[in-house]
Amino acid sequence: MALNIRGFAAQSATTPLAPHSFERREPRADDVAIDILYCGVCHSDIHQARDEWGGSRYPMVPGHEIIGRVASVGAEVKGFKAGDLVGVGCMVDSCQHCEACHQGLEQYCVEGMVATYNSVDKKDGLPTFGGYSERIVVNDKFVLRIDPRLDAKAAAPLLCAGITTWSPLKHWNIGPGSKVAVVGLGGLGHMGLKFAKALGAEVTLFTRSPSKEDEARRLGADHVVLSTDEAQMKAVARRFDFILDTVPTRHDLNPYLATLALNGTHCLVGLVEPMDPPVHAANVIFGRRSIAGSLIGGIAETQEMLDFCAEHGIVSDVEMIRIQEINVAYERMLRSDVRYRFVIDLASLRD
Ligand code: NDP
Ligand code: ZN
């Protein structure tokens with residue numbers, strides 16, 4: 001018998017999110033049923049609710065930065081028990097047998113990972129629904145342990161903003177001696193600053209918002225560059241080994257490429273199609289620079305990041321909202337007015 005769940009959903013690309021009841025599957029033997037406490041609000045939720053990437057499915061219940069307590073576990077689940085504090089990020093399944101899955105890189109599964117929402121379950125073909133809701137049912141391989149030392153509210157964004165910035169920093173071997181720049185101080189950007197600093201890098205923020213300068217330094221930036229100021233951009237020419245670009249709208253990469261040192265990498269995590277204007281080949285050829293991209297992170301790596309956060313006392317800076325405030329939160333994010341992640345308290349669903 002399916003479970004009846006309350007949540008908030010978009011019914012189309014142009015309708016605001018509103019209360020919505022829907023069904024989730026009865027937990028299978030390898031499933032964990034989780035009562036959701038908190039869910040972070042990612043810019044990907046806006047992109048997908050508004051069909052900015054194409055192929056959105058409605059009704060859509062967004063949300064992939066989920067923290068909750070285990071309500072029950074299936075007969076075969078060994079790693080979790082009722083009452084455990086757990087997290088669910090951007091994916092809830094993958095094929096488990098391709099080369100990427102074997103490497104613990106389920107996000108690059110050749111058959112396609114199953115996203116937490118706006119996707120289809122591999123076994124029953126039913127749509128997946130995300131964390132703007134009271135309960136979720138997830139295969140145990142995609143459930144993360146949350147150390148009780150972490151503040152549960154502020155840990156929610158680690159499940160997407162955290163892992164999406166951690167994974168490329170680790171992949172590109174960022175550490176002491178690295179010069180890293182983060183573009184954009186929003187949800188991902190502020191975690192990028194915290195992690196790059198914690199890993200020992202010299203950290204710079206590129207921002208369009210002069211008002212964020214002081215806070216950027218508090219969050220880990222050694223330097224702040226106003227990206228709209230040509231003189232400031234010229235002053236950092238050929239400086240960085242690695243740029244983590246979190247911008248969620250079309251923007252010109254060329255001025256940033258010019259700030260990369262020899263062999264430097266500009267890594268896109270902000271997901272916008274198509275990129276525009278074009279990249280000038282000379283900006284990558286001179287200096288043997290690379291443009292790269294990175295998608296969230298694998299499950300083992302997400303657990304490693306969460307454990308690192310517990311060890312080092314790292315969480316997100318969050319602004320708590322009630323679910324009824326979600327549409328206002330989206331508008332504020334579009335104005336870059338978020339310090340630095342909205343997190344929904346799902347207790348408000350009962351209001
Ligand atoms: P936020 O809205 O929280 O932050 C984005 C920040 O980018 C803003 O605060 C602003 O910072 C800056 N910005 C916004 N517009 C522009 C612009 N036109 N030019 C330059 N800078 C701009 O977004 P998130 O951090 O939640 O997400 C960022 C992007 O990352 C989204 O596209 C999202 O879909 C994507 N994403 C990708 C993932 C992946 O796996 N690759 C996973 C999760 C998200 P400032 O005021 O400092 O300029
Ligand atoms: Zn996200």
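A polar contact is a pair of N or O atoms within 3.5 Å; within protein, one must be able to donate a hydrogen and the other to accept it, and residues adjacent in sequence count only if both atoms are side-chain atoms. One such pair joins a nitrogen atom of ligand 1 to a polar backbone atom of Ser294, at 2.9 Å. The structure is a predicted model, in which local features need pLDDT of at least 70 and side-chain atom pairs count only at pLDDT 80 or more, whereas totals for chains, interfaces and linings use all residues. Residues are numbered from 1 along each chain as its sequence is written, chains are lettered from A and ligands numbered from 1 in the order in which they are written, and side-chain values use heavy atoms, with hydrogens and water left out.

**Ligand 1 and its surroundings**

- The shell around ligand 1 holds 29 residues, where a residue is near a molecule or strand if one of its heavy atoms lies within 4 Å of it. The closest are His43, Thr207, Ser209, Lys212 and Arg341.
- Two further polar contacts involve Gly187 and Thr249: a backbone N or O atom of Gly187 lies 2.9 Å from an oxygen atom of ligand 1, and an N or O atom in the side chain of Thr249 is 2.7 Å from a nitrogen atom of ligand 1.
- On its own, ligand 1 has 930 Å² of accessible area, and the protein covers 92% of it. Accessible areas come from the Shrake-Rupley method with a 1.4 Å probe; for residues, only the protein chains shown count as cover.
- Sorted by class, the shell has twelve nonpolar, 14 polar and three charged residues. Here Ala, Val, Leu, Ile, Met, Phe, Trp, Tyr, Cys and Pro count as nonpolar, Asp, Glu, Lys and Arg as charged, and the others, Gly among them, as polar.
- Helices α1 (43-49) and α5 (187-198) each supply at least two residues of this shell, and the largest share, three residues, comes from α1. Helices (H or I, at least four residues) and strands (E, at least two) are DSSP runs, numbered from the N terminus.
- Ligand 1 lies between domain 1 (3-160 + 316-350) and domain 2 (162-293), because both give residues to its shell. The domain bounds come from an automatic or database domain assignment.

**The zinc site**

- The zinc ion (ligand 2) is coordinated by Cys42 (SG), His64 (NE2) and Cys160 (SG), at 2.0 to 2.2 Å. Donors are N, O and S atoms within 2.8 Å of the metal (3.2 Å for Na, K and Ca); water is not among the atoms, so sites may look incomplete.
- In sequence, the spacing of the donor residues is C-x21-H-x95-C. Distant parts of the chain are linked here: Cys42 is in the loop between β3 (31-40) and α1, and Cys160, 118 residues apart from Cys42, is in the loop between α3 (152-155) and α4 (161-171).
- Both Cys42 and Cys160 are buried. Buried means under 20% relative accessible area, exposed over 50%, and partly exposed in between (1.4 Å probe, protein chains only).

**Backbone geometry**

- Most residues other than glycine have a negative phi, and most peptide bonds are trans.
- The peptide bond from Tyr58 to Pro59 is cis, with omega near -5 degrees; Pro59 is in the loop between α1 and β4 (66-73).
- Arg339 and Tyr340 are also joined by a cis peptide bond, with omega about -10 degrees. Tyr340 is in the loop between α11 (326-334) and β17 (341-345).
- That loop between α11 and β17 also contains Ser336, a residue other than glycine with a positive phi, near 55 degrees. Ser336 is partly exposed, with a relative accessible area of 21%.
- Asn173, which is not a glycine, has a positive phi of about 55 degrees. This residue is in the loop between α4 and β10 (179-183) and is exposed, at a relative accessible area of 66%.

**Other selected residues**

- Pro27 is in the loop between β2 (18-24) and β3, and is partly exposed, with a relative accessible area of 26%. Its C-alpha atom is separated by 6.4 Å from that of Gly74, 47 residues apart along the chain.
- Tyr256 belongs to helix α8 (residues 254-257) and is buried, with a relative accessible area of 9%. Tyr256 and Lys234 are 22 residues apart in sequence and 9.9 Å apart in space, C-alpha to C-alpha.
- Arg239, in the loop between α7 (230-235) and β13 (240-245), is partly exposed at 32% relative accessibility.
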